[in-house]
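Biologist: Please put the sequence and the model on screen. I would like to go through the fold with you.

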Amino acid sequence: MTRKERIGVFGGTFNPIHTGHVRAAAEVRARFSLDRVLFVPSFIPPHKETAEIASPGDRMAMVKLALRRFRRLVPSPIEIEAGGTSYSIITLGKIRRLYPGARIFFILGADAFREIETWREWRRVLERCLFIVTTRPGSRLAVARAALPPEYRRGVFEVTPATRIREELLSSQRIFLTPISAVDVSSTEIRSRVRRGAPIRGLVPAPVARYIAERGLYRTRTS
Ligand code: ATP
């Protein structure tokens with residue numbers, strides 16, 4: 001079977017991007033031999049912007065800084081440039097046009113995956129791409145599996161670091177559950193630490209920490 005290009009899509013608010021995001025994507029990329037992983041920060045309408053939510057420009061800039069050292073982890077402004085509410089079904093269509101013939105893998109944490117039924121046209125999204133669902137501290141694979149719509153639950157394939165990801169496997173399975181080594185950090189925690197004046201060293205890549213300090217992001221909560 002000829003190998004198709006493999007493109008991962010890792011969406012999020014990235015408010016801000018942190019070490020957990022980067023580690024998770026790097027691990028998944030290696031495990032599934034993805035040619036690249038696109039980091040896609042979501043657009044957030046300006047009226048929702050507060051001191052809690054950095055502007056699209058700042059969030060994008062931090063993603064770029066965090067990924068500078070990683071050739072195969074690539075910042076994508078696709079949703080930020082589109083403006084308006086981001087819908088995965090639309091984003092996927094655009095990525096498909098950018099990478100014709102590639103297999104597209106949607107990468108997301110089990111916590112995010114649990115909400116899939118709230119996505120616009122979620123059944124079509126599930127049918128049109130592959131899913132890599134990762135653990136994060138506090139969300140176990142069994143829980144993620146149980147949260148799936150029943151008709152998809154049986155089709156979930158568990159991938160360990162030892163699993164060989166062959167073309168045949170990718171042709172026959174659509175949803176992959178895989179554990180990643182946990183980095184117990186969230187953007188919420190980063191924002192709260194910055195507000196309290198606590199250090200964030202090690203929780204975000206160093207250039208991101210500098211950017212947050214220089215731009216005075218997340219210091220206050222009021223809008
Ligand atoms: P917040 O705390 O503001 O909710 P977050 O840290 O969950 O933010 P998002 O931008 O909402 O970050 O997450 C984007 C994606 O990254 C989601 O699929 C989420 O499950 C995953 N993710 C977030 N933190 C981690 C982590 N520490 N390890 C692995 N995956 C993570």
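Modeller: One convention first: angles between axes run from 0 to 180 degrees and are taken between N-to-C directions. The model is predicted.

Biologist: With that convention, at what angle does helix α2 run to β3?

Modeller: Helix α2 comprises residues 56–67 and lies across β2 and β3. Its angle to β3 is about 155°.

Biologist: What is the strand order of the open sheet?

Modeller: The sheet has seven strands, and the pairing is parallel. Strands β3 (73–75) and β6 (156–158) each have a single partner, so one side of each has no neighbour in the sheet and they form the edges. From one strand to the next the twist averages 25°. Read across, the order is β3-β2-β1-β4-β5-β7-β6.

Biologist: Which residue of β4 stands opposite Val9?

Modeller: Strand β1 (residues 6–12) is joined to β2 (residues 36–41) by six bridges, and to β4 by five, both pairings being parallel. On the β2 side, the bridge partner of Val9 is Leu38. On the β4 side, the residue opposite Val9 is Phe106.

Biologist: How many of the seven residues of β1 are buried?

Modeller: Helix α1 (residues 19–31) packs on the sheet and touches β1, among other strands. The buried residues of α4 also pack against β1. Strand β1 is largely enclosed by the rest of the structure, because the number of its residues that are buried is five.

Biologist: What is the handedness of the crossover from β1 through α1 to β2?

Modeller: The two strands run parallel, and Gly12 stands opposite Pro41 in β2. The chain passes from β1 through α1 to β2, and this β-α-β crossover is right-handed.

Biologist: Which residue of β7 is the bridge partner of Glu158?

Modeller: Strand β7 pairs in parallel with β5 over four bridges and with β6 over three. The chain links β6 to β7 by way of helix α9 (residues 167–172), in a right-handed β-α-β unit. Val133 has Leu177 as its bridge partner in β7. For Glu158 the partner in β7 is likewise Leu177.

Biologist: Which residues of β7 are buried on the side opposite Ile175 and Leu177?

Modeller: In a regular strand, side chains alternate between the two faces of the sheet. Both faces of β7 are covered, with Ile175 and Leu177 buried on one side. On the other side the buried residues are Phe176 and Thr178.

Biologist: Is Asp58 buried or exposed?

Modeller: Asp58 is found in helix α2. Buried means under 20% relative accessible area. Asp58 has 7% relative accessibility and therefore counts as buried.

Biologist: Which side chain makes a polar contact of 3.0 Å with that of Asp58?

Modeller: Leaving out residues up to four places away in sequence, Asp58 touches Tyr211, Arg215 and Leu217. The side chain that makes the 3.0 Å polar contact is that of Arg215.

Biologist: Within what arc do the buried residues of α11 fall?

Modeller: In helix α11 (residues 206–215) the buried residues are Pro207, Val208, Tyr211 and Ile212. What covers them includes α2 and α10 (187–196). Seen down the helix axis, they line one face of α11, because they fall within an arc of 140°.

Biologist: Which residue with a positive phi follows α11?

Modeller: The phi in question is near 65°. The residue that follows α11 is Gly216.

Methods
Residues are numbered from 1 along each chain as its sequence is written. This is a predicted model: local features need pLDDT of at least 70, side-chain atom pairs count only at pLDDT 80 or more; totals for chains, interfaces and linings use all residues. Side-chain values use heavy atoms; hydrogens and water are left out. Two strands pair if DSSP finds at least two bridges between them. Contact means heavy atoms within 4.5 Å. Buried means under 20% relative accessible area, exposed over 50%, partly exposed in between (1.4 Å probe, protein chains only). A polar contact is a pair of N or O atoms within 3.5 Å; within protein, one must be able to donate a hydrogen and the other to accept it, and residues adjacent in sequence count only if both atoms are side-chain atoms. The arc is that of the directions from the helix axis to the C-beta atoms. A crossover is right-handed if, with the strands pointing away from the viewer, the path from the first strand over the helix to the second runs clockwise.
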